[in-house]
Amino acid sequence: MTTALIIGDIQRGITGGYPFTREVVAPLTELLPRARAAGALVVFVHFAFRPNGADLPPGNALFRSFYEAGDSFHENSAGAEIDLPVAEHDVVVLKRRASAFAGTDLELVLRAHGVDTLAVAGVATSAMVAATCYDAADRDYRVTVLRDGCADADPAMHDFFMDAVFPSRGFEVMSCASWGFKAV
């Protein structure tokens, strides 16, 4: 079993504009050196649209609101930069939808490293985390969700996913401190 740590949407425009996201920065910052020391593949996924909006779906009010938020969600802007320490051997993936797999080369990278198990963290629990976990399960990865490495604007929604939805889908839920992994 080979594991990768997937951290999604912890980027400056999100941590700066959505206060609930800041609560995951400390547990993830503490986890990163331990994961790297064990040789785990660390993958950061960030969300952005092209500055000209060419990838903005028509009629999608939620995505339009993100796009109109300005530099927080525009490719190559300061707001789209990862807000955690990225090391030389880490992988950074740009996505344009909720799931870390949708339209990205994430699966190619994971398969190249022989990864079969994922630990997923990030924001929001009911969006990026859930979409990525469902996609991962559909692609036959084993999935663990890092409870304190995830957050949602609605804490009750976060707890519902962690306590009911994810376990019912066969995903293991644990804290960042208790997560163990095998190096790639």
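This report describes the sheet and the largest pocket of a predicted model.

**The sheet**

Strands of a sheet pair through backbone hydrogen bonds, and the pairing is either parallel or antiparallel. Here the sheet is open, has 6 strands and shows parallel pairing. Read across, the order of the strands is β3-β2-β1-β4-β5-β6. The strands β3 (91-95) and β6 (172-174) stand at the edges; each has a single partner strand, so one side of each is left without a neighbour in the sheet. From one strand to the next, the twist averages 25°.

At one of these edges, β6 pairs with β5 (residues 142-151) in the parallel sense, over 3 bridges. L146 stands opposite M174 in β6.

**The largest pocket**

Rolling a probe the size of a water molecule over the atoms shows where empty space is left. The largest pocket has a volume of about 370 Å³. Its lining is made up of 16 residues, and D9, F66, V123, A124 and A127 are the closest to the pocket's centre.

Which helices each supply at least two residues of this lining? They are α3 (61-68) and α5 (125-138). The largest share, 3 residues, comes from α3.

The table sorts the lining of the largest pocket by residue class.

| Class in the lining of the largest pocket | Number |
|---|---|
| Nonpolar | 13 residues |
| Polar | no residues |
| Charged | 3 residues |

The lining thus holds 13 nonpolar and 3 charged residues, with no polar ones.

Notes: Residues are numbered from 1 along each chain as its sequence is written. This is a predicted model: local features need pLDDT of at least 70, side-chain atom pairs count only at pLDDT 80 or more; totals for chains, interfaces and linings use all residues. Side-chain values use heavy atoms; hydrogens and water are left out. Two strands pair if DSSP finds at least two bridges between them. Helices (H or I, at least four residues) and strands (E, at least two) are DSSP runs, numbered from the N terminus. Axes are lines fitted to C-alpha atoms, for helices over the stretch in contact, and angles run from 0 to 180 degrees between N-to-C directions. On a 1 Å grid over the protein atoms alone, a cavity is a set of points where a 1.4 Å probe fits but cannot get out, and a pocket is an open set with protein on both sides within 12 Å along at least five of seven lines; lining residues have an atom within 4 Å of a point. Grid points are joined across faces, edges and corners, and a volume is the space filled by probe spheres set on the points. Ala, Val, Leu, Ile, Met, Phe, Trp, Tyr, Cys and Pro count as nonpolar, Asp, Glu, Lys and Arg as charged, and the others, Gly among them, as polar.
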